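Visitor: I am new to this structure. Please choose one part, take me in for a close look, and tell me how that part sits among the rest.

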Amino acid sequence: GWCLRSNNGKRIALTNAERSVARLLDAARGETVSRETLIAALTSDVETFDPHRLEMLIHRLRRKAETQAGEILPLRSARGAGYALLRSV
């Protein structure tokens with residue numbers, strides 16, 4: 001499986017959906033990835049996909065990072081546009 005590794009070396013296991021979203025966000029690190037692009041990575045039927053599912057997935061990713069690694073995931077919302085994974089400092 002695919003996992004995230006925190007700065008303190010802890011690994012966070014990801015589901016297939018979380019992996020798809022994380023891969024897109026990482027590839028565009030520092031840039032906003034549109035909600036539509038993220039949804040298209042999750043389903044072949046974007047017309048019937050409930051966008052709240054994407055919001056819940058993002059929420060779960062953030063929570064996993066906090067509870068399993070004790071760190072804040074550098075994932076930011078761009079209101080109405082999408083999400084961005086911030087560059088490392």
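**From the whole fold to one glutamate**

Guide: Start with the overall size. For 89 residues, a compact globule would have a radius of gyration near 12 Å, and the protein's value of 13 Å agrees with that. Keep in mind that this is a predicted model. The C-alpha trace spans about 40 × 25 × 20 Å along its principal axes.

Next, the parts list. The protein has three helices and five strands. Read from the N terminus, their order is β-β-α-β-α-α-β-β. Chain neighbours are not the whole story. Take the contacts between residues at least 6 apart in sequence: 50% of them join residues at least 24 apart.

Now the surface. It comes to about 5,900 Å² of accessible area, and carbon and sulfur atoms account for 48% of that. Of the 89 residues, 28% count as buried. Charge matters for our close-up too. There are 15 positive and 10 negative side chains. The centres of these two sets lie 8 Å apart.

With that in mind, go to helix H1. This helix covers residues 16-27, and Glu-18 sits in it. Glu-18 is our part. Is Glu-18 buried or exposed? Its relative accessible area is 1%, so Glu-18 is buried, the cut-off being under 20%.

What does the side chain of Glu-18 reach? One partner is backbone: the nitrogen of Thr-15, at 2.8 Å. Another is a side chain. Glu-18 makes a polar contact with the side chain of Lys-64, at 2.7 Å.

Widen the view a little. Set aside the neighbours within four places in sequence. Glu-18 is then in contact with Ala-13, Leu-57, Arg-60, Leu-61 and Lys-64.

Follow one of those contacts, Arg-60. It lies in helix H3, which covers residues 51-69. How does its cover compare with the cut-offs? Arg-60 has 39% relative accessibility and therefore counts as partly exposed, between the 20% and 50% limits. The C-alpha atoms of Arg-60 and Leu-14 are 10.0 Å apart, with their places 46 residues apart along the chain.

Leu-14 leads back to helix H1. Arg-19 is found in that helix. Beyond its neighbours within four places in sequence, Arg-19 is in contact with Trp-2 and Leu-14. Its C-alpha atom is separated by 7.7 Å from that of Cys-3, a residue 16 places away along the chain.

Now step away from helix H1, to two residues further along the chain. Ser-34 lies in strand E3, residues 33-34. With a relative accessible area of 24%, Ser-34 is partly exposed. Leaving out residues up to four places away in sequence, Ser-34 touches Ala-81 and Gly-82. From Ser-34 to Leu-75, the C-alpha separation is 13 Å, across 41 residues of chain.

Arg-35 belongs to helix H2, residues 35-42. At 18% relative accessibility, Arg-35 counts as buried. Its contacts beyond four places in sequence are Pro-51, Leu-54, Glu-55, Ala-81, Gly-82 and Tyr-83. Ala-81 and Gly-82 are also touched by Ser-34.

Return once more to the chosen part. Glu-18 is buried at 1% relative accessible area. Its side chain has Thr-15's backbone nitrogen at 2.8 Å and Lys-64's side chain at 2.7 Å.

Notes
Residues are numbered from 1 along each chain as its sequence is written. This is a predicted model: local features need pLDDT of at least 70, side-chain atom pairs count only at pLDDT 80 or more; totals for chains, interfaces and linings use all residues. Side-chain values use heavy atoms; hydrogens and water are left out. Helices (H or I, at least four residues) and strands (E, at least two) are DSSP runs, numbered from the N terminus. The radius of gyration is taken over C-alpha atoms; the globule rule is 2.2 Å times the number of residues to the power 0.38. Buried means under 20% relative accessible area, exposed over 50%, partly exposed in between (1.4 Å probe, protein chains only). Contact means heavy atoms within 4.5 Å. Accessible areas come from the Shrake-Rupley method with a 1.4 Å probe; for residues, only the protein chains shown count as cover. Lys and Arg count as positive and Asp and Glu as negative; His and the chain ends are not counted. The place of a charge is taken as NZ of Lys, CZ of Arg, CG of Asp or CD of Glu. A polar contact is a pair of N or O atoms within 3.5 Å; within protein, one must be able to donate a hydrogen and the other to accept it, and residues adjacent in sequence count only if both atoms are side-chain atoms.
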